[in-house]
Amino acid sequence: MTSETSADVIVIGGGTGGYSTALRAAALGLDVVLAERDLVGGTCLHRGCVPSKAMLHAAELVDGIAEARERWGVKATLDAVDWPALTTTRDDIVARNHRGVEAHLAHAGVQIVRAHARLTGPRAVSAGGAAYTARRGVVLATGSRPRLLPGLVPDGRRVVTSDDALFAPGLPESVLVLGGGAIGVEYASLHRSMGARVLLVEAADRLLPLEDAEVSRQLARGLRRRGIEILTGARMTSAEVYDPDGTDTGNSTGTNTRAQAGGVRVSLVDARGQARAEDVARLLVAVGREPVTDGLDLAAAGLTADARGYVPPADWARLETAVPGVHVVGDLLPPPSPGLAHASFAEGLLVAEVLAGGSPPPVDYPAVPRVTYSSPQTASVGLTEAQARERGHDVAVNTMPLTAVAKGMVHGQGGSVKVVAAADGGAVLGVHLVGPNVSEMIAESQLIVGWEAEAADVARHIHPHPTLSEAVGEVFLTLAGRGLHQGR
Ligand SMILES: Cc1cc2nc3c(=O)[nH]c(=O)nc-3n(C[C@H](O)[C@H](O)[C@H](O)COP(=O)(O)OP(=O)(O)OC[C@H]3O[C@@H](n4cnc5c(N)ncnc54)[C@H](O)[C@@H]3O)c2cc1C
Ligand SMILES: NC(=O)c1ccc[n+]([C@@H]2O[C@H](COP(=O)([O-])OP(=O)(O)OC[C@H]3O[C@@H](n4cnc5c(N)ncnc54)[C@H](O)[C@@H]3O)[C@@H](O)[C@H]2O)c1
């Protein structure tokens with residue numbers, strides 16, 4: 001006979017969405033069971049945000065050596081990247097974070113069931129041979145996985161996704177990255193820094209097609225300047241692995257120098273309809289992610305996924321499905337939930353507070369910041385110029401290159417600040433940044449957009465000199481009619 005346990009809340013999936021729900025619910029005095037079939041921390045900690053950003057940090061250091069030599073007369077050269085040392089540091093950062101999340105959950109008194117869980121009723125779950133019932137609610141937080149293209153099966157060596165691209169014993173000498181979204185752009189940037197020849201292929205007419213057109217333009221300029229070849233409006237027609245047993249050829253940083261052939265022949269049709277074939281050591285497929293509901297048995301709880309596999313809430317303010325007491329957080333939610341870790345944290349906090357009987361304000365999706373950690377970086381919040389116009393706003397737009405301020409010249413990497421505001425001194429609708437360190441610069445703009453500040457409100461506040469953030473200050477000064485260095 002299977003044992004039966006009851007708890008206030010049962011969370012299925014221990015990624016950023018699930019574990020944040022569990023932690024907050026426990027902090028509010030609820031009794032919580034969290035089922036996780038792999039590792040708590042999920043995609044973001046083990047295969048996503050954290051390991052990729054650790055490696056992008058190492059990539060920046062590699063780029064810094066070239067900058068030091070070429071711009072600053074520092075007689076430095078790169079001998080080689082010690083791949084085992086680099087990945088040991090990355091894995092240590094992930095492991096420490098993992099231990100931290102485990103410790104937080106233990107300290108909060110969350111009961112972790114380390115097994116696949118499935119629904120057996122609206123408030124009933126089976127996991128690890130035991131049955132659980134939820135007094136207040138069940139939270140679905142099963143996340144997402146890489147979307148695959150029909151007929152193209154990743155083998156983890158020649159054809160890879162973000163699940164395995166960084167975990168091989170080195171990076172390839174050449175890579176074709178299919179998809180110019182956040183993953184494609186970040187991984188193209190990383191591979192290029194590490195010496196690979198990189199071709200970035202995007203089906204839409206620009207990189208990061210959901211961002212402001214100025215962001216896409218500046219980003220493409222920065223990536224091309226670093227030697228990344230970009231094809232937009234292009235389509236892959238076939239991909240054929242040749243010499244599948246051959247070893248990778250090494251890249252120029254010497255991370256993986258076993259000589260040999262073997263790779264993938266990728267056939268493409270470019271934006272002008274011209275066919276072309278590319279031989280590369282690796283094809284990295286980064287064409288989006290899809291929700292995970294396999295073996296979850298949604299039907300047992302009276303739920304169905306939508307046509308794209310997401311589980312939509314009937315009530316977005318409570319992130320609650322049409323079945324009362326069944327909530328959803330994280331990548332399992334359809335847009336406007338953006339598929340970002342920090343959005344899933346906010347969703348987890350909200351659902352926990354709802355389950356504890358509170359009435360928290362809904363997640364303010366338009367005010368969720370979006371960052372791409374490539375070189376250059378992009379960071380934005382709010383509406384693009386096109387979205388603002390589509391929604392009927394009469395807009396005032398101001399754009400400034402980062403090299404117009406002293407610190408931008410010091411960095412010498414280009415970039416820009418663009419602000420979209422309602423005309424005649426109305427609320428700021430969107431802020432769009434490209435350049436070095438802009439991931440750390442977007443925080444003030446998320447408050448500006450979230451608090452619906454006007455340009456004149458922002459222009460009253462003084463930015464430190466010399467910083468890159470001064471460019472943000474200057475753009476607002478000009479929009480408020482008090483421009484200092486920006487001639488208009
Ligand atoms: C390469 C990459 C880089 C990224 N970088 C960033 C970034 O820099 N910033 C950012 O904000 N976002 C980033 N993201 C997105 C971010 O990782 C996701 O938005 C986030 O992980 C979503 O969290 P989640 O909890 O919804 O799902 P997940 O993290 O996918 O967690 C779901 C968990 O549920 C478990 N699970 C699934 N089904 C069951 C079941 N039936 N029973 C038990 N357990 C189950 C899984 O094992 C998994 O641990 C990145 C993603 C990728 C792939
Ligand atoms: N820095 C970050 O915050 C970060 C980093 C990585 C991933 N993520 C998140 O992870 C999720 C997945 O990222 P992603 O980049 O895989 O997905 P995405 O949906 O953001 O981008 C996929 C891109 O691939 C293109 N595409 C689709 N099919 C194609 C095809 N056949 N050929 C060429 N291009 C094609 C799309 O037009 C799109 O631009 C997103 O939610 C993203 O926001 C976030």
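## A tour from ligand 2 to helix H12

Select ligand 2 and the residues around it in this predicted model: helix H5 supplies four residues of that shell, which is the largest share. Among the 24 residues around ligand 2, the ones that come nearest are Gly 179, Gly 181, Ile 183, Ala 203 and Gly 339. Colour next by secondary structure, and the elements that contribute two or more residues to this shell can be picked out as helix H5 (182–193), strand E10 (197–202) and strand E18 (370–372). Colouring by residue class instead shows 14 nonpolar, seven polar and three charged residues around ligand 2.

Now move the selection to ligand 1, whose surroundings comprise 38 residues, with Gly 13, Gly 15, Gly 42, Gly 143 and Gly 330 coming nearest. Which helices supply at least two residues each to the shell around ligand 1? They are helix H1 (16–27), helix H2 (42–46), helix H3 (49–72) and helix H7 (341–355). By class, the shell around ligand 1 holds twelve nonpolar, 20 polar and six charged residues.

Zoom out to the whole chain, where the protein has twelve helices and 22 strands. Its radius of gyration is 24 Å, close to the 23 Å given by the globule rule for 488 residues, so the protein is as compact as a globular protein of that length. The C-alpha trace spans about 70 × 65 × 45 Å along the principal axes, and 46% of the 488 residues count as buried. If contacts with a separation of 6 or more are drawn, 67% of them are accounted for by residues 24 or more positions apart.

Colour by domain next: the assignment gives domain 1 as 3–48 + 86–145 + 290–366, domain 2 as 159–287 and domain 3 as 376–479. The centres of domain 2 and domain 3, taken over C-alpha atoms, are separated by 31 Å. Where these two domains touch, ten residues of domain 2 are in contact with 14 residues of domain 3, and the side belonging to domain 2 consists of four nonpolar, two polar and four charged residues.

Stay with this pair of domains and select the largest nonpolar core, which has 77 residues, and in which Val 177, Leu 178, Leu 283 and Leu 284 touch the most other members. Why can this core be said to lie between domain 2 and domain 3? Both domain 2 (159–287) and domain 3 (376–479) give residues to the core, so it lies between them. Centre the view on Leu 283, which, leaving aside its neighbours within four places in sequence, is in contact with Arg 158, Val 159, Leu 176, Leu 178, Ala 239, Val 264 and Val 266. A second, separate core of 48 residues can then be selected, with Val 9, Ala 26, Val 32 and Val 113 among its members.

Finish at helix H12, residues 469–479, where eleven of the eleven residues are buried, so the helix is largely enclosed by the rest of the structure. Stepping along the helix, the buried residues include Ser 469, Glu 470 and Glu 474 as well as Val 472, Phe 476 and Leu 479. To see what covers the buried residues of H12, display a set that includes strand E20 (395–401), helix H9 (406–411), strand E21 (416–422), helix H10 (442–450) and helix H11 (455–459). The last stop is Gly 481, which follows H12 and has a positive phi, near 80°.

Technical notes. Residues numbered from 1 in each chain as written. Chains lettered and ligands numbered in written order. Predicted model: local features only at pLDDT ≥ 70, side-chain atom pairs only at ≥ 80, totals over all residues. Near = placed C-beta within 6 Å. Nonpolar A, V, L, I, M, F, W, Y, C, P; charged D, E, K, R; others polar. Rg over C-alpha atoms; globule rule 2.2 N^0.38 Å. Buried ≥ 20, exposed ≤ 12 C-beta atoms within 10 Å, placed from the backbone. Contact = placed C-beta atoms within 7 Å. Domains from an automatic or database assignment. Core = buried A, V, L, I, M, F, W, Y, C linked by C-beta atoms within 7 Å.
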